[in-house]
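Dear colleague,

I am passing on the structure we spoke about, and my notes on it follow below. Please read them with the model open beside you.

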Amino acid sequence: MKNRGICCLVSLFGGMLLGSVVTMLVTPQSGPELRNKIRDYVDNEIEKARCRCEDAVDKL
C-alpha cells in the first residue's frame, strides 16, 4: 500500500501520454505535417532539457 501514490501518478502520466498520441494520430493532418509537428515538439523539448541541464551544471 505504500506505493499507491506512485502508481497513481505513473498511471496518470501514462494516460496523458497515451491520450496525446491518440489525439495526434486521429487529427486530420497529412503525414508530412504530422511528422514535422512531432519533430518540432521533440526538438523543443530536447532544447528545454539541455537548458535545464546547463543551468544545473552552472549551479553546481
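**What was found**

The protein chain exposes about 5,600 Å², and carbon and sulfur atoms supply 65% of that area. Please keep in mind throughout that this is a predicted model, and that every value given here was computed from it.

As for the overall form, the protein chain holds 2 helices and 0 strands, and its C-alpha atoms fill a box of roughly 45 × 40 × 10 Å when this is taken along the principal axes. The radius of gyration of the protein chain is 17 Å, whereas a compact globule of 60 residues would have one near 10 Å. Buried residues, for their part, make up 2% of the 60 residues in the chain.

Helix α1 covers residues 4-26, and Leu 25 is found in it. Leu 25 also belongs to a nonpolar surface patch of about 600 Å², which is made by Leu 17, Leu 18, Val 21, Val 22, Leu 25 and Val 26. Is Leu 25 itself buried or exposed? Its relative accessibility is 60%, and because the cut-off for exposed is over 50%, Leu 25 counts as exposed.

Turning to the charged side chains, the protein chain carries 9 positive and 8 negative charges, and the mean positions of these two groups are 11 Å apart. In general, side chains of opposite charge can pair when their charged atoms come close. A search of the whole structure finds 2 salt bridges, and I describe each of them in turn.

One salt bridge joins Glu 45 to Lys 48, with the closest N and O atoms 3.4 Å apart. Both residues lie in helix α2 (residues 31-59), and because they are 3 residues apart there, Glu 45 and Lys 48 are separated by about one helical turn. Glu 45 counts as partly exposed at 30% relative accessibility, and Lys 48 is likewise partly exposed, with a relative accessible area of 42%.

In the other salt bridge, the side chains of Glu 47 and Arg 50 meet at 3.4 Å, N to O. Glu 47 and Arg 50 also both lie in helix α2, where they are 3 residues apart, about one turn of the helix. Glu 47 is partly exposed, its relative accessible area being 40%, and Arg 50 is partly exposed as well, at 44%.

With best wishes

How values were computed: Residues are numbered from 1 along each chain as its sequence is written. This is a predicted model: local features need pLDDT of at least 70, side-chain atom pairs count only at pLDDT 80 or more; totals for chains, interfaces and linings use all residues. Side-chain values use heavy atoms; hydrogens and water are left out. Patches are made of residues with over 30% relative accessible area and no salt bridge: like charges are joined within 9 Å, nonpolar side chains (Val, Leu, Ile, Met, Phe, Trp, Tyr) within 5 Å. Accessible areas come from the Shrake-Rupley method with a 1.4 Å probe; for residues, only the protein chains shown count as cover. A salt bridge is a side-chain nitrogen of Lys or Arg within 4 Å of a carboxyl oxygen of Asp or Glu. Helices (H or I, at least four residues) and strands (E, at least two) are DSSP runs, numbered from the N terminus. Buried means under 20% relative accessible area, exposed over 50%, partly exposed in between (1.4 Å probe, protein chains only). The radius of gyration is taken over C-alpha atoms; the globule rule is 2.2 Å times the number of residues to the power 0.38. Lys and Arg count as positive and Asp and Glu as negative; His and the chain ends are not counted. The place of a charge is taken as NZ of Lys, CZ of Arg, CG of Asp or CD of Glu.
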